[in-house]
Amino acid sequence: MRMTVTFGINQIISHGFGLFLFAALVPLMQAEIGITHWHLATIGALTQLAYLGGAMLLGVIGHRIDSGRLMLSSGVVTSVLLFSMASLHDPILMLVALTVMSASAAISWGGIVELVTRYGQPEHHATSLSTASSGTAWGYGLNGLLILLVVPALGWRSGWLAAGVMGLLTLSLTALVLHQIKRGNVQASNQMDAPPVMNTSELFKTIFRERTAFYACLVCFLVGFSAMPFSTWLNTWLAELALPPALGGYAWTMIGISGMAAGFLIGKLADRKGHGLALVLIFGSFALCLMAFLHDPARFAILAGFGYGLMYFPMWGIVAGWVSKRYHSKATMQISGIGMVTFGLGGALGNLLAGTLQELTGSLQAMYGVIGGTSLVLTLLAIRVWLGERRGAPAPDPAH
């Protein structure tokens with residue numbers, strides 16, 4: 001549990017602060033720094049590309065580098081850059097810092113996946129990974145606390161300084177925990193017939209030919225395609241419907257609350273009852289909440305936020321835990337890296353489609369219908385995984 005909690009705190013730093021603190025603070029920063037809409041658009045595009053680049057790098061060469069060193073290195077980079085954001089005055093330099101932190105966040109998660117699946121107990125992989133991945137939801141909550149408690153008294157730069165201090169404390173704790181688990185030399189008993197590591201060609205052959213790896217990447221793509229435009233355009237659609245801005249705030253609060261709780265609870269369910277059943281629950285719940293939201297956005301926006309948080313945050317851990325049942329820890333990290341790439345591609349495609357549909361129809365109604373349909377496809381995929389687990393299908397087995 002100490003390892004899981006420590007890795008969850010790393011997610012707070014790398015994702016909660018490294019990826020999302022800027023979005024929380026930017027309204028307060030704009031007047032002083034002169035951040036324009038062009039800067040915001042460029043930051044959004046480059047950080048997304050950097051995250052994809054970090055994930056791809058992880059999939060291609062991550063198996064050659066010690067995962068503990070990857071985590072510590074990304075922690076050092078992120079902590080230093082969080083501190084630097086408090087002293088920067090040039091939006092271009094901020095763009096560079098945010099881009100590097102985005103790539104570092106992807107690398108940090110890959111290191112967590114490999115370390116948990118190597119040193120953690122196999123029967124608790126899903127719980128550990130989904131609990132760690134829900135650290136991002138806790139980061140959302142801490143960003144809110146910084147804005148409410150620290151920034152009003154000390155200014156927006158204090159928010160970055162506080163995040164940097166937490167980053168350094170987390171780095172020290174991570175170094176201690178990594179020393180302890182490696183000194184104990186505890187190896188997870190997930191040694192199966194699949195290759196322990198794969199070169200680039202073997203990795204992509206595995207993803208396209210073996211069902212587990214293929215489904216994992218497909219699920220990540222579909223989650224990106226649905227979840228990213230859902231969150232990106234949520235407040236815009238609510239405004240389009242002339243609903244009060246507070247409704248979006250309540251929905252985002254519910255996303256954070258449900259995400260905080262879902263990591264541990266859904267992970268426990270996956271370890272006890274199967275990863276397939278856990279995926280059916282989170283994707284099915286997301287689909288039902290979206291259907292209600294589409295029927296009556298004003299009444300069910302908060303319910304949609306609940307379904308989003310229940311699905312999005314534990315999904316990463318459940319999928320990685322499922323993959324770890326078929327592959328060695330390094331191979332799991334490689335496949336998870338490519339899964340992050342497909343997630344990013346799905347998110348980019350989904351946001352592009354949302355913008356196109358809004359331009360053509362003047363409304364986001366059609367896009368949220370597409371998101372609802374995608375959630376149903378995810379539910380059907382989860383049901384197939386669940387039925388395969390019930391039949392005890394051998395894995396990895398061919399996708400075609």
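**Exercise 1. State how H12 and H13 are oriented relative to each other, and give the geometry behind the answer.**

Solution. H12 and H13 are roughly antiparallel to each other. The class covers angles over 145 degrees, whereas those under 35 count as roughly parallel, 65 to 115 as roughly perpendicular and the rest as oblique. This is a predicted model, in which local features need pLDDT of at least 70 and side-chain atom pairs count only at pLDDT 80 or more, while totals for chains, interfaces and linings use all residues. Residues are numbered from 1 along each chain as its sequence is written, and side-chain values use heavy atoms, with hydrogens and water left out.

Step 1. Helix H12 spans residues 275–295 and helix H13 spans residues 297–324. Helices (H or I, at least four residues) and strands (E, at least two) are DSSP runs, numbered from the N terminus.

Step 2. The two pack at an angle of about 160°, with axes 8 Å apart. Axes are lines fitted to C-alpha atoms, for helices over the stretch in contact, and angles run from 0 to 180 degrees between N-to-C directions.

Step 3. H12 passes H13 in a left-handed crossing (the near helix is turned anticlockwise from the far one by less than a right angle; clockwise would be right-handed).

Step 4. The residues of the contact of H12 with H13 comprise 22 nonpolar, 5 polar and no charged. Ala, Val, Leu, Ile, Met, Phe, Trp, Tyr, Cys and Pro count as nonpolar, Asp, Glu, Lys and Arg as charged, and the others, Gly among them, as polar.

**Exercise 2. Describe the packing of H10 and H13.**

Solution. Step 1. The angle between H10 and H13 is about 155°, and their axes are 11 Å apart. H10 is therefore roughly antiparallel to H13.

Step 2. The crossing of H10 and H13 is left-handed.

Step 3. Contact means heavy atoms within 4.5 Å. Residues making the contact include Tyr215, Val223, Phe230 and Trp237 of H10 and Tyr308, Tyr312, Trp316 and Val323 of H13.

Step 4. By class, the contact of H10 with H13 has 20 nonpolar, 2 polar and no charged residues.

**Exercise 3. Classify the ring pair of phenylalanine 221 and phenylalanine 225, and that of phenylalanine 214 and tyrosine 215.**

Solution. Step 1. The structure holds 15 aromatic pairs. Rings of Phe, Tyr and Trp (its six-membered ring) pair if their centres lie within 6.5 Å; planes under 30 degrees apart count as stacked, over 60 as edge-to-face and the rest as tilted.

Step 2. Phenylalanine 214 and tyrosine 215 have ring centres 6.2 Å apart and planes at 45°, so the pair is tilted. Phenylalanine 214 is partly exposed at 24% relative accessible area, and tyrosine 215 is buried at 9%. Buried means under 20%, exposed over 50%, partly exposed in between (1.4 Å probe, protein chains only).

Step 3. Phenylalanine 221 and phenylalanine 225 are stacked, at 6.4 Å centre to centre and 15° between the planes. They are 4 residues apart in helix H10 (residues 211–240), so about one helical turn separates them. Phenylalanine 221 is partly exposed at 26% relative accessibility, whereas phenylalanine 225 is buried at 12%.

**Exercise 4. Locate serine 74 and leucine 81 and list what they touch, not counting residues up to four places away in sequence.**

Solution. Step 1. Serine 74 lies in helix H4 (residues 67–85), and leucine 81 is placed in helix H4.

Step 2. Serine 74 is buried at 7% relative accessibility, and leucine 81 is buried at 17%.

Step 3. With that sequence exclusion, serine 74 touches Ser104 and Ser108, and leucine 81 touches Ala97, Val100 and Met101.
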